[in-house]
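Work through these exercises with the sequence and the model open side by side. Try each task before reading its solution.

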Amino acid sequence: MKKLFWIFASLLFVSCAKTNLPSVQNNSFLIGEAVVYAKHKWKIKTIDVVFMDGKDEQRQSVKESAVLWSKFANIDFKFHDYEDLEKLEVLKKSHLLKSSAKVSFFGNANQSVIGQRVGGLRASMTLPAVTGDVRADRRVVLHEFGHLLGLGHEHQNSRSGGIFEPKMIKQMCSDFHLDEDDCSQQILGEVSQYEATLSDYDEKSVMHYSFHGKYLKKGEDIEGSSVISYVDALYISMLYRGRFKTKTELESAYQDMLSEM
Ligand SMILES: [Zn+2]
């Protein structure tokens, strides 16, 4: 029963701790070349995002990076400051809060719910690592907004064939203070093909964590990307269709984004 509860609890949040470890594994649905929880995709065109706290520069930094997803996903973000919600009627305020993504800059880890499951009045995303330096913040913001759109962790794509060096797994768990169960759930767990449609593994995905090479079979570090990979862009454009009529248009938009980085 305890385990079952843990699984349910883990479904809601994907924690992306400072440790850069893979996060909670669950019965995700994988498709295409990204790990995608398709059933939790947003059913609306514009996602309201409320800043529950934070300084202006932190909020601005989030806005600047989050909108990069909108270049490919046919989805828009409408940002609100909590202070402005105070001016709304009680019912309107409550409705907006329950249906919006709610960002707090406090918390122990950078994390977000996956997809549209943002109900309730508490923060659905915490971004303690965001300081207001757009360039430095970009990876965290893109990663967590990737979760918000419905993406999971690319390093949990079992089509990778297993990236971790078996002999180092115990050491890695110990280094990051994870007990055996958590380590098993967060690192070793892969989505089976019974549970998912899997395609190629994309090491460059912004949804992939950074790992020191000593933990990896290939022995080289994986540096978590700070830009949306082409595969990320392709997949999110398919999940939220409508930005492009042809793949050439997507490729062109992708090159434009890179040149603006
Ligand atoms: Zn994550």
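**Exercise 1. Alanine 253**

In which helix is the place of alanine 253? Then decide whether alanine 253 is buried and list its contacts.

Solution. Keep in mind that the model is predicted.
- Step 1: find the element. Alanine 253 sits in helix H9, residues 247-260.
- Step 2: check the accessibility. Buried means under 20% relative accessible area. Alanine 253 has 17% relative accessibility, so it counts as buried.
- Step 3: look for contacts. Setting aside residues up to four places away in sequence, alanine 253 touches Phe72 and Phe244.
- Step 4: compare sequence and space. Alanine 233 is 20 residues from alanine 253 in sequence, and their C-alpha atoms are 9.5 Å apart.

**Exercise 2. The strand pairings**

Trace the pairings of strands S2, S3, S4 and S6.

Solution.
- Step 1: start with S2 (residues 46-51) and S3 (residues 76-81). These strands pair in the parallel sense over 6 bridges. One anchor for the register is threonine 46, whose bridge partner in S3 is aspartate 76.
- Step 2: add the connection. S2, helix H2 (residues 56-66) and S3 form a right-handed β-α-β unit.
- Step 3: go from S2 to S4. The two run parallel and are joined by 3 bridges. Here valine 49 has alanine 101 of S4 as its bridge partner.
- Step 4: go from S4 to S6 (residues 125-126). This pair is also parallel, with 2 bridges. Serine 104 is matched with threonine 126 in S6.
- Step 5: sort the side chains of S4 (residues 101-104). Ala101 and Val103 point one way, Lys102 and Ser104 the other way, and all are buried.

**Exercise 3. Glutamine 58**

Which backbone atom lies 2.9 Å from a polar atom of the glutamine 58 side chain?

Solution.
- Step 1: locate the residue. Glutamine 58 belongs to helix H2.
- Step 2: check burial. Its relative accessible area is 11%, so glutamine 58 is buried.
- Step 3: find the polar partner. The atom is the backbone oxygen of valine 130.
- Step 4: complete the surroundings. Beyond neighbours within four places in sequence, glutamine 58 contacts Phe105, Val130, Thr131 and Gly132.

**Exercise 4. Helix H5 and the loop after it**

Why is H5 described as largely enclosed by the rest of the structure? Follow the chain onward to serine 160.

Solution.
- Step 1: count buried residues. In H5, 12 of the 16 residues are buried, so the helix is largely enclosed by the rest of the structure. Charged and hydrophobic names both appear among them, including Asp137, Arg138, Leu142 and Phe145.
- Step 2: inspect the axis. H5 (residues 134-149) bends by about 25° at valine 140.
- Step 3: leave the helix. Glycine 150 follows H5 and has a positive phi, near 120°.
- Step 4: reach serine 160, in the loop between H5 and helix H6 (166-175). At 18% relative accessibility, serine 160 counts as buried.
- Step 5: list its partners. The serine 160 side chain reaches the backbone nitrogen of glycine 162 at 3.1 Å. Leaving aside neighbours within four places in sequence, serine 160 is in contact with Glu190 and Tyr201.

**Exercise 5. The whole chain**

How many helices and strands are there in the protein?

Solution.
- Step 1: count the elements. The protein has 9 helices and 6 strands.
- Step 2: take the burial total. Of its 261 residues, 49% count as buried.
- Step 3: describe the surface. About 13100 Å² is exposed, and carbon and sulfur atoms supply 53% of it.

Terms used: Residues are numbered from 1 along each chain as its sequence is written. This is a predicted model: local features need pLDDT of at least 70, side-chain atom pairs count only at pLDDT 80 or more; totals for chains, interfaces and linings use all residues. Side-chain values use heavy atoms; hydrogens and water are left out. Two strands pair if DSSP finds at least two bridges between them. Helices (H or I, at least four residues) and strands (E, at least two) are DSSP runs, numbered from the N terminus. A crossover is right-handed if, with the strands pointing away from the viewer, the path from the first strand over the helix to the second runs clockwise. The bend at a residue is the angle between axes fitted to the seven residues ending there and the seven starting there. Buried means under 20% relative accessible area, exposed over 50%, partly exposed in between (1.4 Å probe, protein chains only). Contact means heavy atoms within 4.5 Å. A polar contact is a pair of N or O atoms within 3.5 Å; within protein, one must be able to donate a hydrogen and the other to accept it, and residues adjacent in sequence count only if both atoms are side-chain atoms. Accessible areas come from the Shrake-Rupley method with a 1.4 Å probe; for residues, only the protein chains shown count as cover.
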